[in-house]
Amino acid sequence: MVRKLGVMANSGSIFTTLLVVVVALLAVSAENEGDKIVQSKEEFVWTLDHTNFSDIISHHKMIVVEFYAPWCGYCQQLEPKYEQAASVLNSHDPPVILAKMDTTIPENAALARNYTLNGVPNIRIFRNGGKTVHEYKGTRETEGIIAYLKKHAGPASLEIKSKEDAANLIDGKKIVVAGIFPELSLEKIQNFTALAEDLRVDYDFVHTLDAKLLPRGGLVDKPSIRLFKPFDELYADFEDFQLEAMQNFIEETSVPIMAILDDNPENQQFVNHFLHSPGDKVFLFLNFSTDLDAFKSKYYDLAVSYKGKEANFLLGDAETGKRALQYFGLDTDQAPLVFLLSMDGTKYVQRHVQPDNLASWLKDCKDGKLKPYLKSQPIPEVNNEPVKVVVAETLEDMVLNSGKDVLVEFYRLGCKYCEEFTPVLDEIALSFEKDPDVLIVKIDGTENDIPRDLFEVQGFPTLYLRSATGSLSRFDGNRTKEAIIEFIQTNRGTPAPSNFVKSDLTVSEMAQKEPVKDEL
């Protein structure tokens, strides 16, 4: 499975973890090309919006942008740290520019959606006039932001000229990709440099003319890549300098046979490689203080038996992985717990698993013998309000196969736009109360698994109409009672009652009255 080189501006990614945001800076780097854009010298964080975003990004070789919302508590906590980092990085040679964009301004929303699929705050590093966009993967502390961006403002690959250089750059604690060039090959050097530039956020890159300077591995007589890692076989060599081939080699080789999730921060980088790796992912969560000895060797042997079979394994401490468990609707008191996330998104869970049952359970999952796991809130015991509550376990019966025209609101608890929309949705439900063919429902989009192949939910609230004939329509207009009723009547699969009073405005006319706001 090949991941495209670069993260282009209009793409998004799955399983991405909560990432940090950074803010804009004062002067234009001496390296920047094109006309300089003037910014007040007293402002270290630049403010971007829909009128200047493209122009400013296009004029810089590197600029860091924080996408934020003023009401967001995490954004408020980050703001002073981001500003402090910006003031320091302003003096870096060359200066590192930090900027910010308010995602709640309607005119900014369309731009922001390209970079905020995981919510706010979200920091992106734009390079080469915006041709390449990287996620910021550092901390949200001032010193961490400064150190991370200083590193990424320098060369993508550092040269090793001595054994002392090698000892400083290849420390045995992280993955380092070395380009070895005993003979000069312009094409291979250019490809290696392009790879280093593209993957510099995730890996350290070095290059040398002499393999004997490196801490492990033998001499080579032609250009080669040597990946150093602090696990498994410690290093691996590769000779194909085609971009996709190099990237596949790095992705596959940088995933441990068994990644470890614990309180050691040095292991987090390997967990990240595991999470972003292709193939099925198997998680085993234990209480490390009581269960580790009983499970570790059996689980490792299982991981070895699946090596090269598109399956990767993680062994995690249940308390350390508490947030990950909660994300999937699970809890620490269910450990020892094994969890499979397949490539197609199907999930399987076995709570309170025994060490001797791991292999047979995984084989049954692979053979399709087990029922998939569905993250779902409990089915409501009472569901008699005008707006019905749907959960993952009832979505199929109440929405997809109900035989009715069903308006679905995907919402998030605590979302201010959802709260503002609640009385409007109640009024809409009351308007259709005597129409037996129309159902108005809502589902918490963060607490229930949603079929992503049917519903694209990137912000809240999001509205869809599933008609009685099976067609699916997304509402993108102004969220007023009149506009949504008109939307339902226009797209429903059953005839509207003759006594139903329609709005005098069309959907398009209503949509022009006020722009829509979503919470990401």
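**Close-up views of a predicted protein model**

**View 1. Cys72, a buried cysteine.** Let's begin with Cys72, which has a relative accessibility of 4% and therefore counts as buried, since buried means under 20% relative accessible area. Keep in mind that the model shown here is predicted.

**View 2. Cys415, another cysteine to look at.** Is Cys415 buried or exposed? Its relative accessibility is 0%, so Cys415 counts as buried. While we are looking at cysteines, how many disulfides does the structure hold? The count is 0.

**View 3. Arg140 in its loop.** Find strand E5 (132-135) and helix H4 (142-153): Arg140 sits in the loop between them. Here the relative accessible area is 24%, so Arg140 is partly exposed; that label covers values between the 20% limit for buried and the 50% limit for exposed.

**View 4. Arg140 and Gln77 together.** Along the chain, Arg140 and Gln77 are 63 residues apart. In space, 8.9 Å separates their C-alpha atoms.

**View 5. Stepping back to the whole protein.** Now place these close-ups in their setting: the protein has 15 helices and 20 strands. Of its 520 residues, 48% are buried. Which share of the contacts with a separation of 6 or more comes from residues 24 or more positions apart? Such residues account for 69% of those contacts. On the outside, the protein exposes about 25400 Å², and 49% of that area is supplied by carbon and sulfur atoms.

Technical notes. Residues numbered from 1 in each chain as written. Predicted model: local features only at pLDDT ≥ 70, side-chain atom pairs only at ≥ 80, totals over all residues. Heavy atoms only, no water. Disulfide = S-S within 2.5 Å. Buried < 20%, exposed > 50% of the residue type's maximum accessible area, 1.4 Å probe, protein only. Helix = DSSP H or I, 4+ residues; strand = E, 2+ residues; numbered from the N terminus. Contact = heavy atoms within 4.5 Å. Areas by Shrake-Rupley, 256 points an atom, 1.4 Å probe, with all protein chains shown as cover.
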